[in-house]
Amino acid sequence: MSSSTLPPRRRIAVLLCWLALVLAAGWQISRTTFTADLSAFLPSDPDPQQRVLIEQLGSGVPARTLLIGIDGADAKVRADASRALAAKMRDSGLFEQVHNGERSDWADVGAWLVEHRYPLSPAVDAQRFTVAGLRDAIEETLSLLGTPAGHLLKPLLERDPTGETQRIAESLIPSNAPRSEAGVWASRQGARALLVASTRAAGSDLDAQSAALDQVRAAFAAVAPPGLDLKISGAPVFAVDSRAQIESEVRWLAIAGAVGVSTLLLLAFASLPALGAALLPVATGVLAGITAVSLGFGGVHGITLGFGATLIGEAVDYAIYFLIQSRRAGWRAWLRSGWPTVRLGLLTSMCGFGALIFSGFPGLAQLGLFTVSGLLGAALATRFVMPVLLPEGSRGQGLRRQLGRLGQAAVERLPALRWPLLALGVAAAALLAARGDLWRAELGSLSPISAEALALDASLRADLSAGDARSLVVVQAADIEGTLQRAEAVTARLDPLIDSGAIGGWDSVTRFLPSLARQRERLSHLPPAAPLRAALAEATRDGPLRAERLEPFIEEVQRARERSPITLASLQGTALAPLVDALLLRRADGTWVALLPLQPIAGDQVDGAAVAQALQGLPGTQLLEIGRALAELYERYLGEAQVQALLGALGVVAVMALALRSWRRLLAVCQPLLLAVLLTMGTLALLKVHLGILHLVGLLLVVAVGSNYALFFDMLQRDGHGDPDTLASLLLANLTTVLSFGLIAMSAIPALSAIGRVVAPGALLALLLSAAFAPRPATVP
Amino acid sequence: MRTAAALVVLAALGLPALAFDLTALAALLAERKSAETRFTEERTVSGLDGPLRSSGTLSFSAPDRFARHTLEPRAESMVVEGNTVSIRRGGRTRQMALDAVPELTALIAAVRGTLTGDAAALQQHFRVQVEGNAALWTMTLVPRDDRLAAQVRQLQIVGQRGELRTLELSLAGSDRSLMIIEPLPPALPGSRPQAPAAAPR
């Protein structure tokens, strides 16, 4: 056995180089922020509609809204706890709004609305203060007096006989409100008090969201008597929990994967140094991947990180090939025989995943960059560092001989199964062609939220009904006045939709902050004292309400004429400020956006088509249905990923074609890969799994890993005989891959388990098929 | 159901010593599955010169639909179905969830509970007192909920057998409303023949 090692100075230089790179990577990683929200899976170059969607998902009210339930005990106890919890939350300053159905919520707002009723009331027009208009308005007010509803109006009668306050209040009644029990919101189904709160911090600020959640839990623990249960849901909970879950899962997977793979390697090599050396390219690859993504994207998504665990499966293969194959003739011989094949396999994998780097979705591009740089790092570590550490491969014998024999037996027997396997492949293709709805998973499939958490969220949302702003009209303009005027144009078109039942109601900032033009117009209709007094006398003649009582009305109308208009600045610090802030946003570029959430009629959905039609032709206006927009986005995303995966696969074939320079050999290599993909997809289709983007990424991985196997069989054929050591290395590499992806298949994070469930069976199939379809060595009789 | 109710009525008539109570009244009321009536309402409000008058129709169909259409002096309507209240005034329609407003829930429970003979619903929201006999009874409802009691002191309903005759609402302060209810001729197919007393105008 020739043991030609590198000169000691070169060895030390290589190791120092490697160490320096690892340290640099570690430093970069320590400065990296890790994210877990869906934003990385939203397009980086959005169209205007997507931009609004992203804003809403990132910092909009839905992203900051907590839904809180208090379960247990009786209604009175729950209501007391709800009030105490709401008070503590309001005092904490962490929340912009906290609502639990207490009427006192509206006390301050009510006083403000009464004071500003004339610029705010939609009923004030040119007719309102004429004799006929006054008579009509007073009649309408009187029609409520003497009924239970009248008791709120009666104290205002002398100041507001035309009922402007009533008009404003009426428009604020939500069509869908939670049930009220013992003075606070309660669930319709069971024993639960309800609260809604929006945090001050943006939805994307996970640390602040986490702090807000801790505050709620601590406040509840402080105020709630025993027997009560706190339930929290909403986007911030999902985001914070997802981050924690991804962190713990990644840790768990990394540990379980490392232990499992190490055990296999120990059994195979029976040598600790070999084990350590085998894990080295893996660690290098993971570090390289995270570092590259961190440098390229400024942050790493949790799912990308979770994906890092999957790299163990492929990167360890390189080490295994080296350790086993260089044992025969030393590392120099391996560099000549084995390394070109590994290098070709690496190139094909990089080609396959390289296509993803150009995705318009940062999340997918991250996965691509991570894989490409991770595999490159692992391969380079194998090529340059392994020969320094273990120049003669692994010394240990372990189970290698048995593995080699098993491999040889398989190589001899499997080709007999070619035709049945081909038939299976054709059947799978037919099945896939017959099932048109194979690709149907949703964007939600990328998120690790559990079914229980989703069920709790759905039940709280149903209880709160109005708390879910899933449909909204978005109005934008260059300045605030333009935006408000456009919002007013929208509300004029929405009102008929309430009558037709397409929507139950709408919210708009213009209820509290009409455009200046609209305010001036309303105020211009307010008559001076003398004509108003004369008109009132005429309008109340023969009626039960005497004009003499209405002097306060005349006086307040005069005061309203003098008052300066309501502005955004004048609303700051009032009880209305949070409402206004939620519905009117200033963008970083100075433009303004008004959001008009639409409420469905009870038990129904907003009729999006009717709304879109009603809004046609309004400038700067669009309807945003978050659920549908997300679904469309995912569809585009999936379509783009499919094209890229196809391009990647073509790249793989092109690289192999260039390297093999033979159509026959290329066909022999591609055949098992294609069959492996078909059979894997066919099995998933049989199991009625809806395929999503991560299944697609998994299939790419099958092609990447499988191409290594196929190329090795091609190499074996050239060598003329099935070398037991190479076969053993292939079998071992495959076992580690199947093991590590099998672990990932069991992950509670759907995105990871999707990859695992594709790659674990896919890789096994790829090896068996490569063996079955390997060209027969020419020397076989 | 009807037989059982009839038995109760017979028992009430045959045994005058037995008190006519809420259970007996409820059984009587539960017989009716739908009704169409006219009403005239007179409201007395302190501070106004003279009463406010209005008129219109009331309709009810079991189990939970109740509508009040005011025709004079202004067209208005309130329709309650299940948990949804639709109010139409001045050409504008508003919808809301009934159980979001506890006071409204109680008032609607009073109306629907009376129309369907749901004694439990009445007793949940009110202290109920029944006087008289099946031929002429008076039911007085006093709100249990403090918030409603601050607005409505009591409701008093006078009826003959299964039919309502007057509904008097005493509000906080001295305001009150008296509604006189007269049956309309049965117009809906499937509605039960009316007693002779319910002859049209």
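On the side of helix H19(A) facing away from its buried residues, Ala530(A) and Pro531(A) are exposed, a term for residues with 12 or fewer other C-beta atoms within 10 Å of their own, against 20 or more for buried and values in between for partly exposed, with C-beta atoms placed from the backbone. The model is predicted, so that local features need pLDDT of at least 70 and side-chain atom pairs count only at pLDDT 80 or more, while totals for chains, interfaces and linings use all residues. Residues are numbered from 1 along each chain as its sequence is written, and chains are lettered from A in the order in which they are written.

The buried residues of H19(A) are Leu536(A), Ala539(A) and Thr540(A). Because they cover an arc of only 80 degrees around the axis, they lie on the same side of H19(A); the arc is taken over the directions from the helix axis to the C-beta atoms. Their cover includes H7 of chain A. Just after H19(A), Asp542(A) adopts a positive phi of about 70 degrees.

Between the chains, 26 residues of chain A are in contact with 30 residues of chain B, contact requiring C-beta atoms, placed from the backbone, within 7 Å. The elements of chain A that give two or more residues to this side are tabulated here; helices (H or I, at least four residues) and strands (E, at least two) are DSSP runs, numbered from the N terminus.

| Element of chain A | Residues |
|---|---|
| Helix H7 | 131-142 |
| Strand S4 | 179-181 |
| Helix H17 | 480-500 |

H7(A) supplies the largest share, three residues.

Key: Contact = placed C-beta atoms within 7 Å.
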